[in-house]
Amino acid sequence: MDTGILVVGSINIDVVYTVRTIAAPGETVHSLQQKTLPGGKGANQAAACAKAGGQVYFCGRIGRDGRFISDMMSSMGINLSLLQIDYEQPTGRAIIQVSKQTGENAIILSGGTNFLVSFPPFADVQPMGIRWILLQNEINQGASVEAIEFAKENNALVCLNPSPCTAELSKELPFDKIHALVMNQIEAETLLQSKAGSSIEQLLESCMERWPGLLFAVITVGPKGAYCCLRREGLHHLYQPVPHAVKVVDTTGAGDTFLGYLISSLAEHPVIEKSVMTDAMQKAVIASSMACELSGGMVSIPNISSILLKMND
C-alpha cells in the first residue's frame with residue numbers, strides 16, 4: 001500500500017513580534033521581542049508529518065533568501081526533490097503579532113514565491129507512492145487544481161486545509177474531488193456561509209452533505225480539542241478533548257501541527273475506521289497542544305516520541 005504524503009504548499013519566512021496585546025486598528029504598539037523563523041502552512045504541515053513519522057514529499061517554491069528553511073526541512077527527512085528555487089522573487093513572508101498575555105496571534109501574509117508554484121509533471125510524482133496530498137490556500141490555485149487532478153488520476157486522497165478561507169473558495173477549487181477537510185470553526189463558517197449560532201456538529205454535517213465525496217471533515221476548536229464527522233457506513237461524530245493542561249505561549253502553527261499528525265497517522269491505514277480516526281485525532285490534539293507551549297511555528301512541533309509518552313501517561 002502506498003503511504004507517501006505530498007504537501008503542495010507555502011513556505012514563508014516568519015517575522016514574529018511578541019507584543020503585550022495585539023494592535024487594534026489605528027493603534028501602535030511596542031514589540032517586546034522579534035524573531036525570524038521558518039514557517040508557511042505548507043512547510044509547517046510537512047514538518048509535522050515528518051515529525052509524526054510519515055514519508056513526506058514537499059512541492060513549493062522559495063527564493064534565495066529561503067534556503068535556511070529548506071535546509072531545516074531537509075534535516076527532518078522531508079524529500080525536497082520537487083522544491084523549486086526562484087532566483088528573482090523573494091520567499092513569502094508572514095508578519096506575526098503574538099500576544100504575550102494570551103498566546104493568540106494576528107498574521108499578515110505576503111505571497112512572494114508562493115504565488116508562483118507549479119505542480120510538476122505527473123510522471124515525476126507517480127514513482128513516489130503518494131497516498132495523501134495536503135493542500136492549503138496560501139499558494140496559487142492553479143497548482144492546487146493540478147495536484148487534485150493528479151490525485152484523481154492516481155488514486156490518491158486529497159486533504160484541504162481551507163486557510164486563509166474565503167466564501168468563494170468552494171467555487172474556485174473542485175471540492176467534489178476533495179476527500180477531507182480540516183479547519184477551524186471560523187473557516188468552516190466562512191466556507192459554508194453559515195448563519196451565526198450553528199453548532200460544530202451542524203457545520204460538520206453540512207460539509208458532509210454538501211460535498212458527498214468527503215470521507216471526513218474535522219473542525220478544531222483550540223483549547224477544547226477537535227470534532228470530526230466520519231463517513232463510514234453512515235456518519236459518525238467523534239470528539240477529542242485536550243487531555244492535559246496547556247500553558248499557552250504561542251498558537252502559531254498549532255493547526256498545522258494537528259493536520260500533519262492527523263494525516264501521517266491515517267496514511268498508515270488502507271481504511272479509515274472509527275478506531276483509526278480516534279487514534280489519529282488523539283495524537284493530533286496532543287501534538288498541537290504541545291506545540292502551543294513553545295514559540296514559533298515549525299520549530300515548536302514535537303516529535304512522535306513525545307506524543308507517545310503523553311499518550312501513555
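Author: Before we start, one term: a residue is called buried when its relative accessible area is under 20%, and exposed when that area is over 50%. Keep in mind too that this is a predicted model.

Reader: Okay, so is S163 buried or exposed?

Author: Let's place it before judging it: S163 sits in the loop between β10 (157–160) and α5 (169–172). Its relative accessible area is 11%. The cut-off for buried is under 20%, so S163 counts as buried.

Reader: Which side chain does the side chain of S163 make a polar contact with?

Author: Start with what S163 touches, leaving aside its neighbours within four places in sequence: K41, Q136, N137, E138 and E187. One of these also gives a polar contact from side chain to side chain, at 3.0 Å. That partner is E187.

Reader: E187 is in helix α6, right? Which residues of α6 are buried, and where do they fall around the helix?

Author: Yes, α6 covers residues 185–192, and its buried residues are E187, A188, L191 and L192. Looking down the axis of α6, these residues fall within an arc of 120°, so what they line is one face of the helix.

Reader: What covers the buried residues of α6?

Author: Part of the answer is a sheet of eight strands, because α6 packs on it, touching β11 and β12, and the direction of α6 makes about 120° with that of β11. Helices help with the covering as well. Altogether the cover includes β11 (180–184), β12 (216–220), α5 and α7 (200–210).

Reader: What about the two ends of α6: which residue reaches in at the start, and which one with a positive phi follows?

Author: At the start, a side-chain oxygen of N184 comes to within 3.2 Å of the backbone nitrogen of I186. After the helix, the chain goes on with a residue whose phi is positive, near 50°. So the start has N184, and the residue that follows is Q193.

Reader: You mentioned a sheet of eight strands. Which are its edge strands?

Author: Follow the order: β4-β1-β9-β10-β11-β12-β13-β14, an open sheet with mixed pairing. An edge strand pairs on one side only. That makes the edge strands β4 (56–59) and β14 (235–240).

Reader: What is the bridge partner of L230 in β14?

Author: Strand β13 (residues 226–231) and β14 pair in the antiparallel sense, over six bridges. Within β14, the partner of L230 is H236.

Reader: Which strands does helix α9 touch on that sheet?

Author: α9 packs on the sheet, and its direction makes about 30° with that of β14. The strands it touches are β12, β13 and β14.

Reader: How many residues of the largest nonpolar core come from α9?

Author: That core has 51 residues, and M73, W132, F216, L262, L266 and M277 touch the most other members. Its largest share comes from helix α9 (residues 274–291), and that share is nine residues.

Reader: Why would nonpolar side chains gather like that?

Author: In soluble globular proteins, nonpolar side chains tend to be buried together. For a local picture, take L262: leaving aside its neighbours within four places in sequence, its contacts are V182, F216, V218, M277, A280, M281 and A284. Apart from this core lies another one, of 43 residues, among them V125, A151, A188 and C229.

Reader: What is the order of the strands in the four-strand sheet?

Author: Work through its pairs. Eight antiparallel bridges join β2 to β3, eight parallel ones join β2 (residues 12–19) to β7 (residues 92–99), and six antiparallel ones join β7 to β8 (residues 105–110). With both senses present, the pairing is mixed, and the order is β3-β2-β7-β8.

Reader: Which residue is the partner of R93 in β8?

Author: R93 has a partner on each of two strands. In the pairing of β2 with β7, R93 is matched with I13. In β8, the bridge partner of R93 is S110.

Reader: Last one: which residues of α2 are buried, and which are exposed on the other side?

Author: Helix α2 (residues 67–75) lies across β2 and β3, at about 65° to β3. Its buried residues fall within an arc of 95° seen down the axis, so they line one face. The buried ones are I69, S70 and M73, and on the other side the exposed ones are D71 and S75.

How values were computed
Residues are numbered from 1 along each chain as its sequence is written. This is a predicted model: local features need pLDDT of at least 70, side-chain atom pairs count only at pLDDT 80 or more; totals for chains, interfaces and linings use all residues. Side-chain values use heavy atoms; hydrogens and water are left out. Buried means under 20% relative accessible area, exposed over 50%, partly exposed in between (1.4 Å probe, protein chains only). A polar contact is a pair of N or O atoms within 3.5 Å; within protein, one must be able to donate a hydrogen and the other to accept it, and residues adjacent in sequence count only if both atoms are side-chain atoms. Contact means heavy atoms within 4.5 Å. Two strands pair if DSSP finds at least two bridges between them. The arc is that of the directions from the helix axis to the C-beta atoms. A nonpolar core is a set of buried Ala, Val, Leu, Ile, Met, Phe, Trp, Tyr and Cys residues joined through side-chain atoms within 4.5 Å. Axes are lines fitted to C-alpha atoms, for helices over the stretch in contact, and angles run from 0 to 180 degrees between N-to-C directions.
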